[in-house]
Amino acid sequence: MEHFLNAMPKAELHLHIEGTLEPELMFKLAERNGIELPYSSVDQLRAAYDFGNLQDFLDPYYQGAEVLQTEQDFYDLTWAYIERCHEQNVIHIEPFFDPQTHTDRGIPFATVINGISRALEDAKTRYGISSGLIMCFLRHLSEEQAFDTLQQALPYLDRIIGIGLDSSEQGHPPTKFQRVFAKARAMGLLLVAHAGEEGPAQNVIDSLDLLHVDRIDHGVRAADDPALMRRLAEEKIALTVCPLSNTRLRVFSDMREHNILQMLAVGVKVTVNSDDPAYFGGYMTENFLALYHALNLSKEQALELTRNSFEYSFASRERKDEMLVLLNRFAA
Ligand code: HPA
Ligand code: ZN
């Protein structure tokens with residue numbers, strides 16, 4: 001099964017590029033940029049990754065990102081993730097980046113996006129990995145700041161396929177960002193939002209009805225509302241679920257309690273993703289493996305989850321069909 005899950009062609013639709021910063025690279029970049037980290041070793045840093053909830057994770061996560069300073073740093077970060085994708089047969093990716101984490105500490109928007117997008121271009125030419133970059137707004141900041149970030153993105157819209165909404169869900173509901181999402185939508189950008197991770201099912205409903213998102217990130221709390229579950233299935237609204245993230249942030253106390261396979265069984269278009277793999281203990285293959293060990297994931301279920309990732313990705317119809325053919329050939 002381990003070989004099967006690693007060899008299976010996959011797509012990743014919920015991945016924060018800042019969340020791929022492994023402790024080793026964090027130390028290397030800190031040294032390169034003359035930054036003092038509040039940890040004495042990689043092991044000590046890893047040991048600190050014991051989170052009680054989302055906010056417990058977000059604090060060190062934003063602090064860790066401070067080692068990212070130059071375009072080359074953003075390139076190296078993204079390239080390290082792409083190497084993992086290549087090793088794990090991930091053939092299409094839609095990474096998130098959080099420009100505000102960087103621009104708010106004086107790093108130019110251009111530095112961030114140029115480094116990331118150059119690595120994504122190299123991923124395509126060297127490994128055939130296709131991608132679409134999604135810019136997220138930090139929901140703990142104001143809508144005005146999100147508008148300002150959208151403004152800064154204007155010269156780079158050819159490199160951004162959509163916008164998303166991440167950071168602290170509690171206290172920052174989707175309604176706060178209705179106007180900026182309407183503007184992005186009018187600009188032709190695709191829309192996603194984190195909802196129903198720690199927050200209630202209502203945040204999923206509001207993301208659909210008020211933000212008009214094309215996909216929901218996480219969404220596992222939608223299971224609290226049977227009518228919403230029926231709607232998600234009927235309207236084929238995909239959820240980008242992140243199993244290891246959910247157990248590490250105690251959304252579920254144990255992987256055996258995770259509801260992803262129940263949602264799959266009732267026709268909700270769920271997908272498997274890694275969220276912040278450097279912080280949560282694994283990339284795509286490890287997330288599938290965790291479902292296998294805890295929930296006895298079958299090969300058929302793994303293939304169905306992956307079919308959903310290809311079908312509900314933001315790739316062109318042509319690329320989706322190409323990926324589905326590869327998956328069918330793999331399954332045969
Ligand atoms: N939730 C909200 N914000 C985030 C996450 C997450 O899982 N990961 C990185 N930023
Ligand atoms: Zn996320």
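Helices are DSSP runs of H or I covering at least four residues, and they are numbered from the N terminus. With helices so named, the present structure, which is a predicted model, may be read through its largest pocket and through one pair of packed helices.

The helix that gives the most to the lining of the largest pocket is α7, with four residues. The space within this pocket amounts to about 210 Å³. Its lining consists of 13 residues, and those that lie nearest the centre are L120, S131, G132, L133 and R159. Two elements, α7 (109-127) and β4 (130-131), each give two or more residues to this lining. In chemical character, the lining of the largest pocket divides into five nonpolar, four polar and four charged residues.

Attention may now turn to the packing of two helices. Helix α10 spans residues 201-209 and helix α11 spans residues 226-234; their axes lie 10 Å apart and form an angle of about 40°. An angle counts as roughly parallel under 35 degrees and as roughly perpendicular from 65 to 115. Because the angle between α10 and α11 falls in neither class, the two helices are oblique to each other. The crossing in which α10 passes α11 is left-handed.

On the side of α10, the contact is made by A201, V204, I205, L208 and D209. On the side of α11, L228, R231 and L232 take part. The residues of the contact between α10 and α11 comprise six nonpolar and two charged, with no polar residue among them.

Terms used. Residues numbered from 1 in each chain as written. Chains lettered and ligands numbered in written order. Predicted model: local features only at pLDDT ≥ 70, side-chain atom pairs only at ≥ 80, totals over all residues. Heavy atoms only, no water. 1 Å grid on protein atoms, 1.4 Å probe; cavity = no way out; pocket = protein on both sides within 12 Å on 5 of 7 lines; lining within 4 Å. Points joined across faces, edges and corners; volume = space filled by probe spheres on them. Nonpolar A, V, L, I, M, F, W, Y, C, P; charged D, E, K, R; others polar. Axes fitted to C-alpha atoms, helices over the stretch in contact; angles between N-to-C directions. Parallel < 35°, antiparallel > 145°, perpendicular 65-115°, else oblique. Left-handed = near helix turned anticlockwise from the far one by under 90°. Contact = heavy atoms within 4.5 Å.
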